[in-house]
Structures are given as structure tokens and as C-alpha cells.
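User: Please take a close look at the charged side-chain contacts in this model. I would like one connected account that follows them outward into their surroundings.

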Amino acid sequence: MKSTTLISEKLLPICIAGEWRLGGGEVYESIYPATGEVVARLCAASLADVEEAIQRAHKAFLTSGWAKKLPHERATVLFRIAQLIRENAEELAQKQRLDNGKSIKETRALVASAAGTFQFFGAACETLEDSITPSRGDYVTMSVHEPMGVVAAITPWNSPIVSDAQKMAPALAAGCAIVLKPAEITPVLALELARICQAAGVPKGLISVLPGKGSVIGDAITKHPLVKRVSFTGGTSTGKHIARIAAEKMMPVSMELGGKSPTMVLEDADLDHAVAGVLYGIFSSSGQSCIAGSRLFVAEPIYDEFLSRLTAGARALRVGDPSQDTTQMGPLISSSHRNSVERYVELGVSEGASIRTGGSRLGNDRLLGKLSNGYFYEPTILEGLSNKARTAQEEIFGPVLVAMPFKDEATLIEEANDSVYALAAGIWSRDFKRAWKLGRAVQAGTVWINTYKQLSSSTPFGGWRDSGLGREKGRAGIFQYMEQKGMYWGTNEMPLPWANLS
Ligand code: NDP
């Protein structure tokens with residue numbers, strides 16, 4: 001791939017049930033957050049495109065034969081998708097970097113993860129079993145699963161290829177057709193994935209990618225009667241809005257939503273590991289991660305030493321050009337998002353926080369040339385807040401850590417759980433039994449002990465409370481896209497006794 005920022009001179013076509021053409025909506029641009037330059041121009045999908053994509057997806061689901069393929073046949077296609085992602089990994093990683101500004105090191109990892117997701121669901125598809133349940137009469141009973149039909153995926157901008165793959169792979173493995181609405185501002189990788197899926201042999205019509213505004217395109221997709229499930233990743237208020245629409249349709253939804261995850265450092269922690277883990281947990285992805293460890297609780301006796309080391313670590317992070325292999329933190333996604341992060345830091349200060357480090361945009365002395373137009377923000381640590389402060393309770397989705405000392409474990413558990421969110425948590429301790437008990441007491445969809453932000457395709461992922469509903473990943477992830485059916489086979493020698501047959 002050339003080293004220019006513009007991916008294509010021409011308007012990017014979108015994928016409407018396997019046909020590539022310009023969307024019927026308005027022209028807009030995807031912007032490289034590191035420089036503010038244009039990455040791609042495209043026409044958003046229109047409401048007519050949504051209708052056409054869903055109608056044709058429904059037809060393809062019924063007629064393409066995909067749902068009827070044997071599991072190993074669908075698996076072969078999913079393995080081919082994984083292979084094609086790997087063959088095009090560097091190009092995809094560069095495009096992902098341009099589309100959302102993450103560092104190249106991280107986008108390479110995202111691409112590898114997406115390939116792994118297709119491989120995992122290919123394997124999972126081959127190994128799924130229906131069950132024969134104990135019969136309670138003259139019949140054999142089975143519990144089987146059927147693909148739902150047309151399902152929708154709505155994804156955010158922070159890790160596009162990963163979020164898209166986590167929904168496309170299990171939906172295809174299940175035998176469904178999928179209509180994907182990526183975040184308006186990061187459409188490129190969803191379109192790339194659709195091309196790869198087609199090239200790998202997914203029948204035409206089964207995949208659509210419809211970029212555009214969530215409030216228009218996402219809303220229309222969610223409300224459409226032929227859409228049988230929505231798998232959503234994004235903010236909690238959007239998730240609740242979609243869930244209300246789903247309730248009217250009696251449609252199942254899965255929701256991967258926001259977080260304000262506690263990280264707890266006990267006095268017996270290995271401090272080198274804990275400092276490295278806390279820095280990675282909050283500042284990788286510039287904090288734009290649902291699982292960011294954004295609330296830090298440190299045992300009082302080690303608080304000062306830990307914060308000194310953490311502050312030195314935050315100041316040493318390499319923030320800047322996402323195209324460099326050595327860069328650890330790129331920009332925030334947009335100017336308006338950086339404004340929102342700035343407002344949260346101001347709010348924190350008005351609530352009584354002191355800024356231990358950071359608290360500003362990255363100065364032009366650290367950003368050369370075009371990068372001075374990028375949306376960079378310093379890794380920031382706030383101290384002196386109570387867990388009740390809004391800054392400690394609300395999701396900032398940026399490189400801002402709220403650090404608090406804790407006195408005893410009972411208070412720690414109470415405060416760690418005192419949040420509307422319950423997505424993830426981190427524990428740093430050398431005491432295996434203590435860490436285990438704390439891990440069981442913390443309310444969260446994922447708990448990391450002496451590590452952070454490690455994710456495996458085979459481990460179900462999701463949140464409690466305002467952090468979500470349902471689980472993605474794991475073998476059972478395919479069942480999200482299937483309906484369960486009980487089947488009874490009569491083995492009676494005689495007709496059922498109820499009727500008065502002579
Ligand atoms: P949003 O909720 O704003 O957007 C997510 C997606 O929903 C976008 O595609 C958006 O479209 C779409 N959308 C917006 N309004 C509607 C609507 N009325 N109907 C249907 N779709 C709609 O979240 P962000 O993009 O700002 O993403 C950040 C959030 O995502 C954070 O809260 C983060 O924690 C969460 N997240 C959760 C993860 C998890 O696994 N738990 C993982 C990653 C992020 P558009 O933006 O194009 O208008």
C-alpha cells in the first residue's frame with residue numbers, strides 16, 4: 001500500500017447484499033485522526049439501501065443454501081476468510097490505522113485477532129452438538145438449533161475490525177445473513193471484511209455493510225421486521241434505546257456496552273508487573289476501550305510509591321505518530337471526542353481532583369508537521385477524588401485515570417462494585433487465595449488477576465448491569481444467532497390414547 005493517507009481517489013462503494021455501488025445517502029469523509037486528513041470519501045447508505053439490503057438478505061438466507069450447508073462446509077469458508085485476512089494483514093492494519101488512528105502495532109494485533117475470530121468460529125461451527133434429552137414418555141427428545149435468518153450488527157469506532165469480526169463470524173457460522181452497520185466515522189474495515197468474505201465464498205446477498213448515521217440507518221435496521229436479532233456494541237444509552245425498540249418487536253438483542261473498570265493493587269503486589277499492567281490497562285488505545293482500567297484503587301501503605309512509579313511510567317509513554325512501530329499511544333478519534341475528554345478533566349478538577357500528570361492536549365513541541373493537527377491528548381492521572389465523584393463514575397473513554405487509595409478490603413469491594421458499570425476488573429496481588437476471593441467478590445463480566453486486557457476467543461465476554469446483556473465469543477457465541485427447538489419423535493406402538501378411536 002502507498003504511504004499516502006487517501007485510500008482511494010474515488011468515492012468508496014458500499015456493499016448492498018453483495019453488490020458494490022455508491023450508497024444512496026450523503027457524501028461524507030473518513031478522517032485520519034492523527035493529522036485531520038481525509039482517508040476516504042463515500043456516500044452513506046440511504047433508507048432505500050437498508051430496505052433493499054434486508055429484503056435481499058432474507059431472500060439469500062432462504063435460497064442461497066448457506067444455512068443448509070453442512071457445518072464443515074461453512075467452516076471451510078470461515079477458515080478461508082481467516083486465511084485471506086492473514087494474507088492481507090499489513091494492508092488491513094494500515095487501513096485500520098488510517099481509519100481510526102490507533103498505533104500500527106495495535107492495529108496489527110486487531111487484524112490478527114479478527115483472523116483468529118473467524119478461525120475460532122469455523123472450528124466451533126464444526127464441533128457444535130445438538131443434544132438428546134432424557135425422554136419422559138413414548139418419544140425420543142432432542143434439542144436442536146436453527147439459524148435465525150437476517151441478523152444485524154451495529155458496531156462502534158474504537159476497534160472496528162475486531163467488533164465486526166466478533167459478530168460476522170458467529171453469525172455466518174450459524175448460517176445467518178448479516179447486515180452490518182459500522183460507526184459512520186470508521187467504515188473502511190467493515191467494507192474490507194465484506195470483500196474478503198465474498199472472495200472466500202460467502203454467497204452473494206448474505207452480507208451487507210451499510211455505513212451511515214446510527215440514528216437513521218441503525219434505527220431503520222433495528223426496526224425492520226425481517227431483522228431477527230441485533231448484536232450491538234457501543235455506548236450504554238444507545239444500547240438502551242435499541243433494547244426498547246427490540247422489546248416492541250420481541251426481538252433478542254445482545255449488548256456490549258460501556259465500562260468504568262476498577263483495577264485494584266494490593267500491598268503484596270509485584271509492583272513492576274502492576275505498574276506495567278495499569279499503564280497498559282488505561283493508556284493503550286488512548287483509553288478508548290470499553291475495558292479500560294479507568295478507576296485505580298491502591299492499598300494505602302504503597303499508594304505514594306506506586307503513584308510515583310506510575311506517574312513516571314505515564315510520562316515515559318511514546319505518544320504520537322501512529323505509523324511508527326514504537327508509538328504506544330495515538331490520537332483520540334476526533335476533535336469533538338477530545339473536547340469531551342477535556343471537559344471531563346475540567347469536571348474532575350472542579351470536583352476537587354489534582355492533576356498528577358497530563359491534563360492537556362499534546363503540545364506542538366512534541367508533534368511535528370501534520371501531526372500538530374491531530375487530536376492528541378496526554379496520558380492523565382487524577383488524584384484526590386472520591387469514588388462518588390462523577391469523574392470516577394462516568395465513562396470518559398480517553399487516557400484519564402482516576403487514582404484512589406483504599407484502607408481495607410471490605411471498603412475496596414464496596415467501592416469497586418459501586419458503579420452502574422460492571423464490565424471488567426483487575427487485581428494485582430501475590431497472594432493467590434486473597435486474589436481469588438476478591439475476584440469472586442467483584443461484580444464484572446471479566447476479572448483479570450495479575451494481568452490485564454488479555455482476551456481469548458474461547459472465553460465468553462460481556463458485561464453485567466449497564467455494561468451489557470448476553471455474551472460474545474466462546475463456542476456458545478454461535479447460539480446467539482440461532483433459535484433453539486425441541487424435537488419429539490413418537491415411538492408409540494399404539495395411537496395416542498386421548499381420541500375415541502374404535
Ligand atoms: P455509540 O453508542 O454512539 O455508537 C455505537 C454504534 O451505534 C455506532 O455504529 C452508532 O452509529 C450506532 N448508533 C448510534 N445511535 C443509534 C441508534 N439510535 N440506533 C442504532 N444505532 C445507533 O458508541 P460509540 O461509537 O461512541 O462507541 C463508544 C462506546 O462503545 C463506549 O461506551 C464503549 O465503552 C462502548 N464499547 C463497548 C465494548 C464492549 O465490548 N462492551 C467494546 C467497544 C466499545 P454512528 O456512530 O455511526 O452514528
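Analyst: A salt bridge is counted here when a side-chain nitrogen of Lys or Arg lies within 4 Å of a carboxyl oxygen of Asp or Glu. On that criterion, a search of the whole structure returns 29 salt bridges. The model is a predicted one, in which local features need pLDDT of at least 70 and side-chain atom pairs count only at pLDDT 80 or more, while totals for chains, interfaces and linings use all residues. Residues are numbered from 1 along each chain as its sequence is written, and side-chain values use heavy atoms, with hydrogens and water left out.

A good place to begin is E52, which forms a salt bridge with R21 in which the closest N and O atoms are 2.6 Å apart. Because E52 belongs to helix 1 (residues 47–63) and R21 to strand 2 (residues 19–21), this contact ties together parts that are 31 residues apart in sequence. Helices (H or I, at least four residues) and strands (E, at least two) are DSSP runs, numbered from the N terminus. As for solvent, buried means under 20% relative accessible area, exposed over 50%, and partly exposed in between, with a 1.4 Å probe and protein chains only. E52 is partly exposed with a relative accessible area of 25%, and R21, at 26%, is partly exposed as well.

The side chain of E52 also meets that of R56 in a salt bridge, with 2.7 Å from N to O. Here both residues sit in helix 1, four residues apart, which is about one turn of the helix. R56 counts as partly exposed, its relative accessibility being 26%.

A contact between distant parts of the chain is made by D270 and R430, whose closest N and O atoms are 3.7 Å apart. D270 is in the loop between strand 12 (262–265) and helix 9 (271–283), whereas R430 is in the loop between strand 18 (424–428) and helix 14 (432–441), and 160 residues separate the two. The partners fall into separate exposure classes: D270 is partly exposed at 25% relative accessibility, while R430 is exposed at 60%. Returning to E52, salt bridges that share partners join this residue with E19, R21, D49, R56 and K204 into one network.

The strand that precedes the loop of D270 deserves a word of its own. In general, the side chains of a regular strand alternate between the two faces of the sheet. In strand 12, P262 and M264 point one way and T263 and V265 the other way, and all of these residues are buried. Two strands are taken to pair if DSSP finds at least two bridges between them. Strand 12 is joined by four bridges to strand 13 (residues 295–299), and the two run parallel; within this pairing, V265 has V298 as its bridge partner.

Another pairing runs the opposite way. Three strands form an open sheet in the order 5-6-22, with antiparallel pairing. Strand 5 (131–133) and strand 22 (482–490) are its edges, each pairing on one side only. Strand 5 is held to strand 6 (residues 139–147) by three bridges, and I132 stands opposite M142 of strand 6.

Ring contacts offer a comparison with the charged ones. Rings of Phe, Tyr and Trp (its six-membered ring) pair if their centres lie within 6.5 Å, planes under 30 degrees apart counting as stacked, over 60 as edge-to-face and the rest as tilted. Four aromatic pairs are found in a search of the whole structure. One of them, W157 with F397, is edge-to-face, at 5.3 Å centre to centre and 80° between the planes. W157 lies in the loop between strand 7 (150–154) and helix 5 (160–174) and F397 in the loop between helix 12 (390–393) and strand 16 (400–406), so this pair ties together parts that are 240 residues apart in sequence. Both W157 and F397 are buried. W448 and Y452 have ring centres 4.6 Å apart and planes at 50°, so theirs is a tilted pair, and again both W448 and Y452 are buried.

Finally, the start of the chain can be placed through T4, which lies in the segment before strand 1 and is partly exposed, with a relative accessible area of 42%. Its C-alpha atom is separated by 9.7 Å from that of L98, 94 residues apart along the chain. L11 is likewise in the segment before strand 1 (14–16), and this leucine is partly exposed at 32% relative accessible area.
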